[in-house]
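Student: I am new to this structure and would like a close look at a single part of it. Please choose one strand, say what surrounds it, and set it in the context of the whole chain.

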Amino acid sequence: PAPAMAEAAEAMAGGEGSKPTSEEFVYGEEDFVLQAAGWGDADSAPSRFDRVLLAGWSDRMERGVFRYRLGPLPTRVLPGSVRLVAQLNEQRSAERRPPQPVRSLRDPFDPGVFNFTRLRSAELLFRLRRSGGPGPPPDPLLVAINASPLERGHVLLLPEPARRLPQALTAPALHGALEAALLSAHPGFRVGFNGLGGGASVNHLHLHGLYLSHPLPLEEAPAEPLGPHLGLLRAGPAPAFLFFAAGPAALEPVSRAVCRAAEHLDGAGLACNVLATRGDPPAGPGAGGGRGLRVLLWARPPIFGPKAGEPFAVALCELAGLLPLPTEPLYRDITEKQALSAIRQHLLPEPEL
């Protein structure tokens, strides 16, 4: 598979002065969707990005490129104040590739284990590249299917895999992922990152993009201000540090700020998870200003290897309030109290946070 990936990546890459290929998605500032559709008509007017991504994703599903066929997932909102969204996804639990063992927050890239240079060419959808302003362009990203999907349209966002970067977030990669979030017209297209010790299953730099069909409280709940550009958001199952980008010009400085914070956590021996979602300004709806992009950063003690007795693993989706559950009895019977207990054992004590 590696030669196939290399050939595909080379065909999709091109140089600075090269013409776009048919596999390249070139976008400009005019492609950003500043106000996504509302939840009442989420699928009413997909953007060019949505159409291309979902058409390619559906094509690979029809061709059997995924590890399993993903149909509609049973979904329910757990009774309670946090409004956790539970989904039953038995196939992902049974058929996904086992997560790689992680020994430390700074494990180097290991070419001897699975990494994204080994993707089959059929798993690649397109290469995402910005042309023109605003500001410096982010890293181009290869968009590939996640072969063990959580949801419809679940993709991987990959900075050039041949660089063999470990799973440590970089500002140019995050910047590219945040721009991808603004290319979608769907209110539930979200991008995120699991760090080493925070649920990452492959130690090769990647982010996730996926369409979630339910709103989450963290989109609109007000945050406590910690400074001029930082807040603490307590909505949802786990407190998160909140950064906000009001528009495209703010994405690059926000990316740098989030990565500085992630580096600080790493220096303190802590793992992190990141999620970007459409949302209201930090003060909440009605406080003035339009919706933009909320970027949430969770700090947590690192976990190396599975933890005995856990009902589910805890990564960015669970911290955000989406629970992909592996068995029907667990999906049917779990309560908000049980789910919050499982999530919060991974969090920092309040004084340390």
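Tutor: Helices and strands here are DSSP runs, numbered from the N terminus; a helix has at least four residues and a strand at least two. On that basis the protein has eight helices and 14 strands. Its radius of gyration is 19 Å, close to the 20 Å that the globule rule gives for 353 residues, so the protein is as compact as a globular protein of that length. The C-alpha trace spans about 55 × 45 × 45 Å along the principal axes.

This is a predicted model, and confidence comes before detail. The mean pLDDT is 91, with 93% of the residues at 70 or more. The exception to note is residues 1-22, where pLDDT stays under 50. For that stretch the model has 30 contacts beyond four places in sequence. Where pLDDT is low, predicted coordinates should not be read in detail.

The part to look at is strand β7, which covers residues 189-194. Two of its residues will serve as examples, F189 and G192.

Start with F189. Its relative accessible area is 1%; the limit for a buried residue is 20%, so F189 counts as buried. What does F189 touch, leaving aside its neighbours within four places in sequence? Its contacts include F49 and L53, from an earlier part of the chain, and also A180, A181 and S184. Helix α4 covers residues 171-183, and A180 and A181 carry numbers within that range. On the other side in sequence, F189 is in contact with G209, L210 and Y211. A longer reach along the chain can be given as a distance: F189 and R278 are 89 residues apart in sequence, and their C-alpha atoms are 8.1 Å apart in space.

Now move along the strand to G192. At 2% relative accessibility, G192 is buried as well. Beyond four places in sequence, G192 touches L207, H208, V274, L275 and L316. One of these, H208, is 16 residues away in sequence, with a C-alpha to C-alpha distance of 5.2 Å.

Two of those partners lead on to another strand. L207 and H208 are listed among the contacts of G192, and they are also among the contacts of L156. L156 lies in strand β6, which covers residues 155-159. Like the two residues of β7, L156 is buried, here at 6% relative accessibility. Its other contacts include H206, F116 and the run L142, V143, A144, I145 and N146. For a separation of another kind, take V52: L156 and V52 are 104 residues apart in sequence and 15 Å apart in space, C-alpha to C-alpha.

After β6 the chain passes through a loop before α4, and R164 is found in that loop. Is R164 buried or partly exposed? At 42% relative accessibility, R164 counts as partly exposed. Its phi is near 55 degrees, a positive value in a residue other than glycine. Most residues other than glycine have a negative phi. R83, in the loop between β2 and β3, also has a positive phi, of about 55 degrees. R83 is partly exposed too, with a relative accessible area of 41%.

How does β7 fit the whole? The contacts of F189 and G192 reach several parts of the chain, including F49 in one case and L316 in the other. Over the whole protein, residues 24 or more positions apart account for 72% of the contacts with a separation of 6 or more. Buried residues make up 54% of the 353, and F189 and G192 are among them. As for the surface, the protein exposes about 15,000 Å², of which carbon and sulfur atoms supply 56%. There are 34 positive and 36 negative side chains, and the centres of the two sets lie 2 Å apart.

Conventions. Residues numbered from 1 in each chain as written. Predicted model: local features only at pLDDT ≥ 70, side-chain atom pairs only at ≥ 80, totals over all residues. Heavy atoms only, no water. pLDDT = per-residue confidence, 0-100. Contact = heavy atoms within 4.5 Å. Rg over C-alpha atoms; globule rule 2.2 N^0.38 Å. Buried < 20%, exposed > 50% of the residue type's maximum accessible area, 1.4 Å probe, protein only. Areas by Shrake-Rupley, 256 points an atom, 1.4 Å probe, with all protein chains shown as cover. Lys, Arg positive; Asp, Glu negative; His and termini not counted. Charge placed at Lys NZ, Arg CZ, Asp CG, Glu CD.
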